[in-house]
Amino acid sequence: MLDYTEWRHVFKLDPAREIDDASLEKICESGTDAVIVGGSDDVTLDNTLALLSKVRRYAVACALEVSTLEAVTPGFDYFLIPTVLNAGDTRWVTGLHHQALKDYGMLMDWETIIAEGYCILNPNAKAAALTEADASYDEEDVRAAALMADRLFHLPVFYLEYSGMYGDPEVVKAAADNLEQARLFYGGGIRTAEQARDMAAVADTIVVGNIVYENLNRALSTVKAVKNSSANE
Ligand SMILES: CC(C)=CCC/C(C)=C/CC/C(C)=C/CC/C(C)=C/CC/C(C)=C/CC/C(C)=C/CC/C(C)=C/COP(=O)(O)OP(=O)(O)O
Ligand SMILES: O=P(O)(O)OC[C@@H](O)CO
Ligand SMILES: [Mg+2]
């Protein structure tokens, strides 16, 4: 299993969406570095456990991206904990985390916990509405958010989230140029091998989500695109 600091390509699967066994096998055996289980709504313990048990048939690393405490369960290699740096409602920055640590603080295996400093840039994403994110950030705002994640709070991951929409590579580069220790995750609207390759040239890790459910072959083509570009670096 690859350590998260080595991930270049990951798929994000939504427990609230159906995926048949044959498609799931192709995703897990695709050569991707990890499968992240996560979504912003309708995530339950039942649908999370169902997806976890299917992904566990394969050797690929599997992480739970926690969006609701209800779905936290043992059995994942990592627990990714988002904190939304541009949220308008502080519950999504530290509020729910504070409550969670009251409940789980003594049970946590900290080696498996990875905090992600999210910056949500698609105003139409469900996560933007939920967290009341200020998605109007320009390049300078993103640079400051990257510095905040990396230098001020020493978060291990800075996640530029354009969920549902392909982002601006210049903005992603502005973030990359301002990170020293944090990994840069990019996610949003990757639908072709070229888009995957282009974002992987700037970000450390690219996250491929919705296209899995729309066009599986295109989703699979993003793995090779990233792996080939990494091999040529
Ligand atoms: C015993 C045991 C197993 C212990 C484990 C310990 C553990 C992990 C404890 C939890 C600790 C902790 C601090 C938890 C935090 C709790 C919490 C609820 C935090 C809030 C997280 C947050 C900010 C959520 C906001 C939404 C968000 C950013 C979600 C991320 C995922 C995302 C954006 C998915 C995309 O969603 P999708 O539905 O696909 O949307 P589209 O329509 O755009 O595609
Ligand atoms: O679903 P897409 O748009 O590929 O985005 C991936 C991921 O960043 C969502 O949290
Ligand atoms: Mg999605």
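Buried means under 20% relative accessible area, exposed means over 50%, and partly exposed lies in between, with a 1.4 Å probe and protein chains only. This is a predicted model, in which local features need pLDDT of at least 70, side-chain atom pairs count only at pLDDT 80 or more, and totals for chains, interfaces and linings use all residues. Residues are numbered from 1 along each chain as its sequence is written, chains are lettered from A and ligands numbered from 1 in the order in which they are written, and side-chain values use heavy atoms, with hydrogens and water left out.

**Exercise 1. Positive phi angles**

Task: Decide whether D42 is buried or exposed, and state what is notable about its phi. Then treat H154 in the same way.

Solution.
Step 1. Locate D42: the residue sits in the loop between β2 (34-37) and α2 (45-55). Helices (H or I, at least four residues) and strands (E, at least two) are DSSP runs, numbered from the N terminus.
Step 2. Apply the cut-off: D42 counts as exposed because its relative accessibility is 58%.
Step 3. Read the angle: phi of D42 is near 60°, which is positive in a residue other than glycine. Most residues other than glycine have a negative phi.
Step 4. Turn to H154, in the loop between α5 (139-152) and β6 (157-161). Its relative accessible area is 54%, so H154 is exposed. Phi of H154 is near 55°, again a positive value in a residue other than glycine.

**Exercise 2. Three residues around β5**

Task: Find which atom the side chain of N122 reaches, and which backbone oxygen lies 2.9 Å from a polar side-chain atom of N86.

Solution.
Step 1. Place the residues: N86 is in the loop between β4 and α3, I120 is in strand β5, and N122 is in the loop between β5 and α4.
Step 2. Check burial. N86 counts as buried because its relative accessibility is 3%. I120 has a relative accessible area of 1%, so I120 is buried. N122 has 5%, so N122 is buried.
Step 3. Find the polar contacts (a pair of N or O atoms within 3.5 Å; within protein, one must be able to donate a hydrogen and the other to accept it, and residues adjacent in sequence count only if both atoms are side-chain atoms). The side chain of N122 reaches the backbone oxygen of S163 at 2.8 Å. For N86, the oxygen in question is the backbone oxygen of I120.
Step 4. Add the contacts (heavy atoms within 4.5 Å). Leaving aside neighbours within four places in sequence, N122 is in contact with residues including A128, E161 and M165. With the same kind of neighbours left out, I120 touches residues including V84, N86 and E161.
Step 5. Compare sequence with space: I120 and E161 are 41 residues apart in sequence, while their C-alpha atoms are 4.7 Å apart.

**Exercise 3. The two ligands**

Task: State how many residues surround ligand 1, and which residues surround ligand 2.

Solution.
Step 1. Use the cut-off for a near residue: one of its heavy atoms lies within 4 Å of the molecule. Ligand 1 is surrounded by 29 residues, of which S40, E65, K126, S163 and N210 are the closest.
Step 2. List polar contacts to oxygen atoms of ligand 1. Polar side-chain atoms lie at 2.9 Å for S40, 2.6 Å for S163 and 3.2 Å for N210. Taken alone, ligand 1 exposes 1100 Å², and the protein buries 91% of that.
Step 3. Turn to ligand 2, surrounded by K12, Y159, E161, S163, G164, G187, G188, G189, V207, G209 and N210.
Step 4. List polar contacts to oxygen atoms of ligand 2. A side-chain N or O atom of E161 is at 2.5 Å, a backbone N or O atom of G188 at 3.3 Å, and one of G209 at 3.0 Å. Taken alone, ligand 2 exposes 300 Å², and the protein buries 93% of that.

Methods: Areas by Shrake-Rupley, 256 points an atom, 1.4 Å probe, with all protein chains shown as cover.
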